[in-house]
Amino acid sequence: MASECVIDLIVAKKESAFIVFEDEDFIAFLDSRPLFPGHTLLAPKQHIKTLYDVPDSLVSPLFTLTQKIGKAIEKAMGAAGSFIAMNNTVSQSIPHLHIHIVPRNRHDGLKGFFWPRTHYKDEQHMHEVQEQIKHQLALG
């Protein structure tokens with residue numbers, strides 16, 4: 001267990017939480033500082049820091065569970081949809097992978113993304129970025 005990781009403490013039952021789902025591999029609980037009621041955090045029980053560290057065997061179950069919990073939250077909260085997100089190192093307030101599942105409705109006050117949008121200089125800049133990403137993907 002990573003020292004002072006609140007998710008590890010919740011998994012170990014050393015920190016209280018309003019748990020909405022738990023099985024052998026995952027735990028989901030209400031965010032203590034929600035954007036809206038029903039805002040839930042879903043995390044693997046194993047201490048995994050980022051999405052890139054998730055073992056292949058847990059990738060599919062993690063996203064299947066995100067779908068299941070997301071649908072349940074939308075129905076439970078009478079929401080029209082949801083915002084599903086995760087931070088990967090930068091802005092990750094807890095050094096343990098967790099997915100935010102937030103119920104949403106039109107005109108609920110949440111404005112798009114939480115960060116300023118930017119622009120590419122021109123199409124050539126976009127092409128350069130595209131090629132850099134494609135190159136890294138080809139390297140595996």
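A contact here means heavy atoms within 4.5 Å. This is a predicted model, where local features need pLDDT of at least 70, side-chain atom pairs count only at pLDDT 80 or more, and totals for chains, interfaces and linings use all residues. Residues are numbered from 1 along each chain as its sequence is written, and side-chain values use heavy atoms, with hydrogens and water left out.

**Exercise 1. Find your way along the chain.**
Work out which pattern the helices and strands follow.

*Solution.* Start with the tally: the protein has three helices and five strands. Both are DSSP runs numbered from the N terminus, helices being H or I with at least four residues and strands E with at least two. Now read along the sequence, and you get α-β-β-β-α-β-β-α. Next, bring in the record: an unreviewed UniProt entry puts "domain: HIT" at residues 6-111. (UniProt positions use the numbering here, feature names are shortened, and annotations may be inferred rather than shown by experiment.) That span is 26% helix and 24% strand, and its end C-alpha atoms lie 28 Å apart.

**Exercise 2. Look around H98.**
Decide whether H98 is buried or exposed, and list what it touches.

*Solution.* First, locate it: H98 sits in the loop between β4 (81-85) and β5 (99-104). The unreviewed UniProt entry lists H98 under "active site". Second, recall the cut-offs: buried is under 20% relative accessible area, exposed is over 50%, and partly exposed is in between (1.4 Å probe, protein chains only). H98 has a relative accessible area of 5%, so it is buried. Third, skip its neighbours within four places in sequence; H98 then contacts I7, L41, L42, A43, A85, M86 and Q92. Finally, check the side chain of H98: it reaches the backbone oxygen of H96 at 2.7 Å.

**Exercise 3. Track down a nonpolar patch.**
Find which residues join F18 in a nonpolar patch on the surface.

*Solution.* Begin with F18, in the loop between α1 (6-11) and β1 (19-22). F18 counts as exposed because its relative accessibility is 65%. Its patch partners are V20 and L30, and the three together have about 310 Å² of accessible area. Such areas come from the Shrake-Rupley method with a 1.4 Å probe, and for residues only the protein chains shown count as cover.

**Exercise 4. Take stock of the whole protein.**
Say how much of the protein is buried.

*Solution.* Of the 140 residues, 30% are buried. As for the outside, the accessible surface comes to about 9800 Å², with 55% belonging to carbon and sulfur atoms.

Methods: Patch = residues over 30% accessible without salt bridge, like charges linked within 9 Å, V, L, I, M, F, W, Y side chains within 5 Å. Salt bridge = Lys/Arg side-chain N within 4 Å of Asp/Glu carboxyl O. Polar contact = N/O pair within 3.5 Å; in protein donor to acceptor, adjacent residues only side chain to side chain.
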